[in-house]
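Q: Please take a close look at one part of this structure, namely how a pair of neighbouring helices is packed and what lies around it. A connected account for a newcomer would be appreciated.

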Amino acid sequence: MSTGPYDRTAHARSWEALAARTDSVLETGGTWMRTRRPEHFEAYAAAAAVLIDEQTGYLARWGDRAPGPGLRPVPVDLPDVVIPLVQQHVVAADHREAAGELRRARELRWAARDLATRFLDEGQRAEHHDPGHAELLHAEGRIGEGMALLERAEATLYSRGAFLQAAAVRLTRARLLRHLEDHATALKVLGTFEQDLLAGLPEGVPGAAEIAEAEQAAYDAIRRGAGDRSPVVAAEKLVRRRELLLQLWDLKSWLLTDVGAHEEAEELVRHLMPYLRETEMEAAGLLHLSSLAWRRGDLAAARRWSAGAAPAFECPPGDDGAFAASALRSKLPAYCLMRARLCPEPPAAEQDDALRWLDRGLGAVGEHPDPETEWRLHAEKAKLLVRRSLPSSAQRAYAEAVRVIDGRRRVSAGLRWDNLYLRERLPVMQEALDLAAERSDAFAALAVIDLLKARSFAARLALLPAPGSDAPTDDERELARITAELDAAEYGTALTSGGAVDGSAAPGPQPGIAQWRMRRRRLVEDIRRKDPRWRALTEGLPADPGASIRAAVERVLGPAGDTGTTSRGERAALSLYRRPGRIVAVLVSGDGTEVGIRTLSDRTARALEAFEANVRLGAAADRGLFDFSTAFGVTFEDLVPGRMAERALRARTLLVVPHADLHGLPWQLLMACGQRLVRHTAVGVLPNLAAMATLDRPAAGSVRASLFGAPRYPDSAGLAPLREAEGELRDIEALYADGRLLSRIACGARARVPHLLDLLARQGGSGTILHVACHGAAEHDDPYEAGLMLADGRLGVAELSLRRIRFDEVVLSTCRGALRPSRSSPGKSAVELVADDALTMVHVLHEAGAAFVLGSPLPIGDKAARAFTTAWHRHRRTEQPLQACRAAACELLDDADRTSHHSWGGMTGYGCR
């Protein structure tokens, strides 16, 4: 609508100016499209911006009135300007990125996002912008945001009847799932998509000649003056449907290859070949067939297919320019990798030929980035160099492979995707570790071990939010609702209108409990993936693992000017990695950094298996077996190379970094040189050394405490009363009675979830300890089912993982608070935690802000928990946390009549000081 009196002359001038701006955009845009020079893009973008300003101003002033008589209408719709401008911002960003101008590339991509948000409606963004932006988010590690954006875009397009556009988005989603190694889900996403596309091609998939004929007929009709563009639209849809179907077949053939369905994959590739031939991409199909044959071990067939592709990739002299313009150029690294793999191993000259192919492939990756092929090229080169007895060069190649693999792991994609991604790459990282150990390169071994363990945990620690929180998101509100439903079902009580449990008559377990748990797992994964704090990692420079490890080593030893109580060399760190039949160990101590391998005897291997099986039994376990050395006769020296064990025992504090089943061992109670390890040194446990960057905070000399627990459980919960828990809290209360209690004890009916959450939100500060005494819950196959069992329900890691706490130290007087699951069950199929992820109650408290946590991976006795934790608090008043652990353990060892060792042996200090 107009905003003032109609001025025909001004209207005409505005209309003419609009036409001039349109001509300017067309001219500068055409120049950019021809040259692809940055300055020409900037000119095009500037001209388009002026046109957008002119058009928006014109519409605001005149509404939708037509120009006056005698003027030729020049229709300018904003989307017609903005859509190509958005798309060309992305193209320009690709060019800047290829030139190494990463900051400018990122600015251009986000400028495209801003334009789309301001000037395009939801459907236009879904079709023309959101898929590309989702791929950008994926590349930055913001996997959850990218996937959610694709799902919304697809739903929007389907709701508007734009099937082909929605289909393109679905293909993007399946392709990104493949990048995440989630092949099964990608195939599921494709689903009946193929049949849906074929349904629009009743006469079969047209060839290129038929497509050209349909397009020509449509445009002939236009030129004859028919005025009806429907034949052109129909021809365009036919072309698009065919393109999407061919893309689907190509993606599906690779997904079938990934899951080992080689025969189905080959059949599909052969079906694709005629269409690939029409687009000069036949060589790509031949390369895929060669890869399939190589995977099957049919080297003769692989060489035959590869030879068929060779003319397209191995250009005659002088034809390099033609190949550079070919769509096949992005496949060159993969072709070079296949050629290298197919070179016969002997004699040496032929191995040199393989090396030349690998180096050519790596050079091609520099021009056309392809991380997936790049790490494989480096790994293949490393293996070849090992066979050539060139270990130093091989280690450098392995280091490059590990660097590329790790590039995407700094930001978590969630337990399932993180571990699916690493599963195929794990053998290469383990080969790199084995070679470093064989060469006695302790720093290289330590770097690989740390990257294999709890990678995103250390990153999350470094990104702690400021105290306080924003308003909860929709996902967080849904999480709270589902948690309340689960509490009601598990405790057999009814929910009040406010979502709490009222303790009324028990309805019994609800049939939807499994579905609620699955929904909760998925919500927490989504929330953690979408965490905006990851942006600080993706926007910064890539981390240098070597530099990070050297910094961690300096922290272990104690750098000059250390403000804590630890002097240089008083601490040592022992990082362990479990391999079949052996343990790779790296010790950092005042004597230097060294790596060694302890071959496990059959007796030791059987003992570790039996111990792990016993831990899995939970309440049904034989608790006598939890004193590992006494029960199985296995000592510290059986797990660590002899000389390394002796040096480790000299340190005042030993930081152990376990792996796999070693996490569950009662490290303090292991026998070492004829007596318990804790008699030699204070023992702390960490998930990896990189965590020291955040956790190695000097512990306060004077402490205050908040005491919480001894819940009064309803009979419907099925939980045994903790007979010693209230006495434990009273004993500790007496220790802090000199004005060092932060508040009165919250126990019995007051030990409820809202009360503990309120404590976490309000209390804390320097030198504060939170002590919680209650039943604990943990499951070996589901990290998100761990929790604290309180009077009104469970407070689980799902809720705590979203919070920030200000307590420096936390004592978990609970069973299995540090139990590390070995499998994750985010859906119906379990995923092995190959990355040794840190997701227990202890680690979630670290993520939330605590520098030290006292907890146990094993069940602990009620009486033993009271004795140990009371002793710890008594010593903590005058000693550092780990030294207080040692003093408490030695006190109970000296007074064997008070409690048996196995009933408290799992109590472990998780921290650095």
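A: The account below begins with one helix pair, moves to the loop that follows, and then turns to other parts for comparison. The model is a predicted one.

Two packed helices are described by the angle between their axes and the distance between the axes. For helix 7 (residues 143–159) and helix 8, the axes come within 8 Å and cross at roughly 160°. An angle over 145° counts as roughly antiparallel, and helix 7 and helix 8 are therefore roughly antiparallel to each other. The crossing of helix 7 with helix 8 is left-handed.

On the side of helix 7, the contact involves M147, L150, E151, A153, E154, L157 and Y158. These meet F163, Q165, A166, V169, R170, T172, R173, L176 and L177 of helix 8. Sorted by character, the residues of this contact comprise 10 nonpolar, 2 polar and 4 charged.

Two of the residues in this contact, Y158 of helix 7 and F163 of helix 8, also deserve attention for their rings. A pair of aromatic rings is described by the distance of the centres and the angle of the planes. By the rule applied here, the model has 11 aromatic pairs. Y158 and F163 form one that is tilted, with 6.1 Å from centre to centre and 50° between the planes. Y158 is partly exposed, at a relative accessible area of 32%, and F163 is likewise partly exposed, at 21%.

Another tilted pair is made by W249 and Y275, whose ring centres are 6.2 Å apart and whose planes stand at 45°. This pair links distant parts of the chain, since W249 lies in helix 12 (residues 230–258) and Y275 in helix 13 (residues 262–278), 26 residues apart. Both W249 and Y275 are buried. Elsewhere, F611, F626, F628 and F632 form one aromatic cluster.

The description now returns to the end of helix 8. E181 is placed in the loop between helix 8 (163–179) and helix 9 (183–190). With a relative accessibility of 8%, E181 counts as buried. Apart from its neighbours within four places in sequence, E181 is in contact with E372, L420, Y421, E424 and R425. The backbone is notable as well. Most residues other than glycine have a negative phi, and most peptide bonds are trans. The phi of E181, however, is near 70°, a positive value in a residue other than glycine.

C673 offers a second case, with a positive phi near 50°, again in a residue other than glycine. C673 sits in the loop between strand 5 (671–672) and strand 6 (675–676). Whereas E181 is buried, C673 is partly exposed, with a relative accessible area of 46%.

A further helix pair may be set beside the one described at the outset. Helix 15 (residues 299–313) and helix 17 (residues 332–342) pack at an angle of about 140°, with their axes 10 Å apart. Helix 15 and helix 17 are therefore oblique to each other. Their crossing is left-handed. The contact is made by L299, A302, R303, S306, A309, A310 and F313 from helix 15, together with L332, Y335, R339 and L342 from helix 17. The residues of this contact divide into 8 nonpolar, 1 polar and 2 charged.

How values were computed
Residues numbered from 1 in each chain as written. Predicted model: local features only at pLDDT ≥ 70, side-chain atom pairs only at ≥ 80, totals over all residues. Heavy atoms only, no water. Axes fitted to C-alpha atoms, helices over the stretch in contact; angles between N-to-C directions. Helix = DSSP H or I, 4+ residues; strand = E, 2+ residues; numbered from the N terminus. Parallel < 35°, antiparallel > 145°, perpendicular 65-115°, else oblique. Left-handed = near helix turned anticlockwise from the far one by under 90°. Contact = heavy atoms within 4.5 Å. Nonpolar A, V, L, I, M, F, W, Y, C, P; charged D, E, K, R; others polar. Phe/Tyr/Trp six-rings, centres within 6.5 Å; stacked < 30°, edge-to-face > 60°. Buried < 20%, exposed > 50% of the residue type's maximum accessible area, 1.4 Å probe, protein only.
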